[in-house]
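I opened this notebook to record what I looked up in the structure, entry by entry.

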Amino acid sequence: IISTNDDPGRCALCLEEFPTGPENLTVWGMLFCCGKGLCDRCVSSRFSAASACPVCKSPLSSSSRGIGALKKHAKKGRPWAQYQLATVHGEGCNVAQSDFEAVRWFRKAAKQGHPGALLCLGQHHIDGKGCALDLSEARKCAERAMAVDAQYARVSCLLLFEVSLAYKDMETSEARKEERSILTFLVSKGMREAQFRLAVALLADDKDYHCAAKMFGLAALQGDIDSAGGAATCCMQLERYSLANFWSEIVVKAKGEGMRPEHKEKRMEDVDNLRLDLRRWLRDKCGGCGAALDGETRLHCKGCRTYCYCGRDCQKLHWNRDGCGG
C-alpha cells in the first residue's frame with residue numbers, strides 16, 4: 001500500500017483511478033497534511049489557489065511544517081511517506097541533503113515492497129552513496145522490484161544492466177561470472193542492449209561464433225545495426241555465407257539513417273570492409289568441395305547470388321547438403 005486513502009488507487013476527491021507504473025508517478029500526488037492522494041486534474045482545479053487542504057480542510061502549511069507532517073506519516077510506517085521523505089533528503093529539498101538519511105528511509109519503504117524505493121535503494125548500492133557499494137544487493141533490489149510490480153520490469157532491467165556494467169569494470173573471474181548471469185537473464189527478457197553485450201562477451205571470452213551470431217541477430221532484429229554487422233562477421237567465420245550476405249545487406253540498407261555525417265562515414269567504411277572480406281571469401285572457395293577458385297572456373301549460384309562453385313556437381317552437392325548455406 002503506497003497511499004493512505006480508503007482506496008489507495010483512487011483520487012480522494014473525484015475517485016478517479018490513478019494510473020500505475022513508473023512513468024505515471026508525476027500525474028498524481030500526495031497531501032502531506034492528511035496523507036490523501038489527488039490526481040493531477042484535481043490538484044490544478046481545486047488545490048492550486050486554495051488556502052486550505054480540499055480534503056481535511058486544514059490550513060496549508062509552510063514547507064518546513066509540510067516536511068514535519070511528512071515525517072509523522074513516515075514514522076507511522078506509511079511507505080509512500082517514507083519514499084517521499086527519502087527523496088526529499090536525497091535532493092536536499094527544504095532539508096539538509098543527506099544520502100545516509102535517504103538510504104535509511106528508502107530501506108524502510110523497500111522492506112514494505114515499495115517498487116520505487118527498491119529501485120532507488122539499488123541505485124545507491126551501485127553508486128556507494130549513503131551505504132556500502134554492494135552490487136549483489138543492488139541486483140536483489142532490482143529483481144524484487146520486478147517481482148512486486150510487473151510494470152516496473154523495464155526500469156528494473158535497466159538497473160540490472162547498470163549492475164552488469166559495474167561488474168564488467170571489476171575485471172575478476174567472479175565478477176565476469178555475475179555479469180554473464182545478469183546478461184543471460186536480461187536476454188530472456190528481450191533486452192537489446194544485453195543481447196549485444198552478451199554476444200561481445202561470447203566472442204571475447206569463448207570464441208563462440210555460433211551463439212554470438214544468434215545474440216547479434218536477435219539484437220539486429222530489434223533495430224541495432226551494429227549487431228547486424230556483428231552477425232555478418234560471425235556468419236563469415238562459420239562459413240554461412242548466405243546469412244553473412246543477408247546481414248550485410250541489412251547494414252547497407254540502413255546506411256546513414258538518422259546518423260550524423262561523421263558516424264555515417266565510419267559506418268560505411270566498416271560496411272565496405274565487411275563486404276570486401278565477404279566477397280573475397282566467396283570468390284576464393286568452392287561452396288561444394290572447398291577447392292580454391294580462380295576467375296576461369298568460378299560459377300555463381302543464381303538462387304542466392306552468394307556462393308561460388310567450380311562446377312554444377314559441386315552446386316548440387318552443396319544444395320542437397322546445406323540448402324545453399326541458408
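I took contact to mean heavy atoms within 4.5 Å. The model is a predicted one, and I read every entry below with that in mind.

**Entry 1. Overall make-up**

I began with the secondary structure and found 14 helices and 4 strands in the protein. I then looked up burial and noted that 40% of the 326 residues count as buried. For the contacts with a separation of 6 or more, I recorded that 47% join residues 24 or more positions apart. The exposed surface came to about 17,800 Å², with 52% of it supplied by carbon and sulfur atoms.

**Entry 2. Helix H5**

I turned to H5, which covers residues 115-127. Its 13 residues reach 19 Å from the first C-alpha to the last, close to the 18 Å expected. I asked how far the rest of the structure encloses H5, and whether its residues are mostly buried or exposed. The count is 10 buried residues of 13, so H5 is largely enclosed. Among the buried ones I listed Pro115, Gly116, Leu121, His124, His125 and Ile126. I then looked for what covers them, and the cover includes H3 (79-91), H4 (99-111), H6 (135-148) and H7 (153-170). Just after the helix, I noted a positive phi of about 70° at Gly128.

**Entry 3. The largest nonpolar core**

I listed the largest nonpolar core, which has 60 residues, and asked which of them touch the most other members. They are Phe106, Val163, Leu186 and Trp247. H7 contributes the largest share of this core, with 7 residues. I followed Val163 further: leaving out residues up to four places away in sequence, it touches Ile126, Leu135, Ala138, Arg139 and Ile182. Ile126 is also one of the buried residues of H5.

I next checked Ser156, which is in H7 as well. Ser156 is buried, because its relative accessible area is 0%, below the 20% cut-off. Beyond its neighbours within four places in sequence, Ser156 is in contact with Leu119, Ala142, Ala145 and Met146. Leu119 belongs to the buried set of H5.

**Entry 4. Aromatic pairs**

I searched the whole structure for aromatic pairs and obtained 2. One of them is formed by Tyr83 and Phe106, whose ring centres are 5.8 Å apart with 55° between the planes, a tilted arrangement. Tyr83 lies in H3 and Phe106 in H4, so this pair ties together parts that are 23 residues apart in sequence. I noted that both Tyr83 and Phe106 are buried.

**Entry 5. Helix H9 and Gly217**

I looked up H9 (residues 192-206) and found 15 residues reaching 21 Å, close to the expected 21 Å. Its buried residues include Ala194, Gln195, Arg197 and Leu198. They pack against H7, H8 (173-188) and H10. Lys207 follows H9 and has a positive phi, near 55°.

In H10 (residues 209-221) I examined Gly217. Gly217 is buried, at 7% relative accessible area. Its C-alpha atom is 8.8 Å from that of Gln195, a residue 22 positions away along the chain. Leaving aside neighbours within four places, Gly217 is in contact with Ala231 and Trp247. Trp247 had already appeared in my entry on the core.

**Entry 6. Cysteines**

I asked how many disulfides the structure holds, and the count is 0. For Cys235, I found that the closest cysteine sulfur is that of Cys234 at 6.9 Å, which is too far for a bond. Cys235 counts as buried, at 5% relative accessibility, whereas Cys93 is partly exposed, at 37%.

**Entry 7. Positive phi outside glycine**

Most residues other than glycine have a negative phi. I therefore kept a separate record of exceptions, because that tendency makes them worth listing. Asn94 has a phi near 65° and lies in the loop between H3 and H4. At 53% relative accessibility, Asn94 counts as exposed. Glu239 has a phi near 60° and sits in the loop between H11 (225-237) and H12 (241-253). I recorded Glu239 as partly exposed, at 37% relative accessibility.

Methods: Residues are numbered from 1 along each chain as its sequence is written. This is a predicted model: local features need pLDDT of at least 70, side-chain atom pairs count only at pLDDT 80 or more; totals for chains, interfaces and linings use all residues. Side-chain values use heavy atoms; hydrogens and water are left out. Helices (H or I, at least four residues) and strands (E, at least two) are DSSP runs, numbered from the N terminus. The expected span of a helix is 1.5 Å times one less than its number of residues. Buried means under 20% relative accessible area, exposed over 50%, partly exposed in between (1.4 Å probe, protein chains only). Accessible areas come from the Shrake-Rupley method with a 1.4 Å probe; for residues, only the protein chains shown count as cover. A nonpolar core is a set of buried Ala, Val, Leu, Ile, Met, Phe, Trp, Tyr and Cys residues joined through side-chain atoms within 4.5 Å. A disulfide is a pair of cysteine sulfur atoms within 2.5 Å. Rings of Phe, Tyr and Trp (its six-membered ring) pair if their centres lie within 6.5 Å; planes under 30 degrees apart count as stacked, over 60 as edge-to-face and the rest as tilted.
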